[in-house]
Amino acid sequence: MTTPVVEVRDLRKAYGAAPSAPGSGEGPGVHGVSFAVTPGEIFGILGPNGAGKTTTVECLAGLRDTDGGALMVLGVDPQTHPERVREDLGIQLQESHLHDKITVEEALRLYAAFYSDPADVEELLTLLDLQDKRRTQFAKLSGGQKQRLSIALALVGRPKVAILDELTTGLDPAARRATWDLVERVRATGVTILLVTHFMDEAERLCDRLVIIDRGRVVATGTPGELIDRLDDARAVRLRVAPDARRRALAALTPLVGTPDVAAVETDGDEIEVRGTRRVLFAVVPALAAADVVPDDVRTVSRTLEDVFVAVTGRAYDPDAAPGATDPDLSLTNTMDGADR
Ligand SMILES: Nc1ncnc2c1ncn2[C@@H]1O[C@H](COP(=O)(O)OP(=O)(O)OP(=O)(O)O)[C@@H](O)[C@H]1O
């Protein structure tokens, strides 16, 4: 088995006292998170706001002290040797703040000066599509350009692992898609990526594997496909059948419920929906053929990571749900400094 580049075992970090409200869990923080990231992956940490994602990556970067558990980044414990971890770890945290007047190129050269063997600034400008913006001041950049600059800054120390936190929050759909392409481009250069996000579609699109975190705990781990396929009704086949064949179609399909690949048959307007495993289509087609029903239209529908969240937590996914107390004074800045330990 490949040695993980990042390993988190039973990480614990609590903020303040546990809440007294019934059902509100153990209070804000992280309460036993475990996962391992293998080299070259885009690994996702997905969950609603306040789930504990940023806390987890800040502990990994040695920016916060933990209360318990074991952490390893490229063979080094970030809690005991944060400075060694930072040599190989690039981190782009939420809300990067740079001086309004600093230009893109100045910012990159300034950050490069902190490293003995920095990445080539020209290469970074090209990789992140910022050549045309090199002389633009930070305050004049669009949201997408600021995000691209923050990724470039996270990569300036030639990290082996890059942590990207809530990259696409506030971006329009086109800028989001462009940012996703960039993340894939960065991974293609050999950097392992730890992607923190509360966007289900982003995780589904980008991550090779992921953990879903809710209220400080891991509630699911796997590839997006594995997590979805574990649902009892991972897929659905939707059929439109002419009114005169409808009764025959239902008579053929209803007895399939309870067979290994079929969980339910339901009607919805003029459509019939058969839900089941990813092999549900294999059950539907022979049954229709035997009854000589030719549908006017057939579509397959896949579930999403949002359905996985609902299935494992029993709650609807509210990306903005932030349980527990917040710390109004906590303002995170880019790079290693600025976090309160
Ligand atoms: N310094 C702090 N003091 C008190 N509570 C904190 C502190 N930092 C985080 N928290 C709380 O701990 C919980 C987890 O926060 P964290 O930032 O790790 O969540 P998150 O999943 O990254 O969400 P978000 O995207 O909103 O940052 C939240 O309830 C948050 O309010």
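**Helix ends, strands and partners**

Me: What is the phi of Gly62, which follows H1?
Reply: We're looking at a predicted model, where local features need pLDDT of at least 70 and side-chain atom pairs count only at pLDDT 80 or more, while totals for chains, interfaces and linings use all residues. Residues are numbered from 1 along each chain as its sequence is written. Helices are DSSP runs of H or I with at least four residues, strands are runs of E with at least two, and both are numbered from the N terminus. Right after H1 comes Gly62, and its phi is positive, near 75°.

Me: How many of the residues of helix H1 are buried?
Reply: Buried means 20 or more other C-beta atoms, placed from the backbone, lie within 10 Å of a residue's own (12 or fewer is exposed, in between is partly exposed). Go along H1 and you'll find Lys53, Thr54, Thr55 and Thr56 on the buried list, along with Val57, Glu58, Cys59 and Leu60. The helix covers residues 53-60 and is largely enclosed by the rest of the structure, because the buried ones number 8 of the 8.

Me: Which strands stand at the edges of the sheet S2-S1-S4?
Reply: This is an open sheet made of 3 strands, with antiparallel pairing (strands pair if DSSP finds at least two bridges between them). A strand at the edge has a single partner strand, so one side of it is left without a neighbour in the sheet. The strands in that spot are S2 (29-37) and S4 (68-73).

Me: In S4, which residue does Glu7 stand opposite?
Reply: Start with strand S1, residues 6-14, which runs antiparallel to S4 and is joined to it by 5 bridges. Now look across from Glu7 into S4, and the residue standing opposite is Met72.

Me: What is the bridge partner of Glu266 in S12?
Reply: Strand S11 takes in residues 262-268, strand S12 takes in 271-276, and the two run antiparallel with 6 bridges joining them. Follow the bridge from Glu266 over to S12 and you land on Glu273.

Me: And in the hairpin of S11 and S12, which residue takes a positive phi?
Reply: Between the two strands of this hairpin there are 2 residues. One with a positive phi, near 60°, is Gly269.

Me: Which residues in H5 do Val104, Ala107, Leu108 and Tyr111 meet?
Reply: Residues are in contact here if their C-beta atoms, placed from the backbone, lie within 7 Å. Val104, Ala107, Leu108 and Tyr111 belong to H3. On the H5 side, they meet Leu149, Ala152 and Leu153.

Methods
Two residues are in contact if their C-beta atoms, placed from the backbone, lie within 7 Å.
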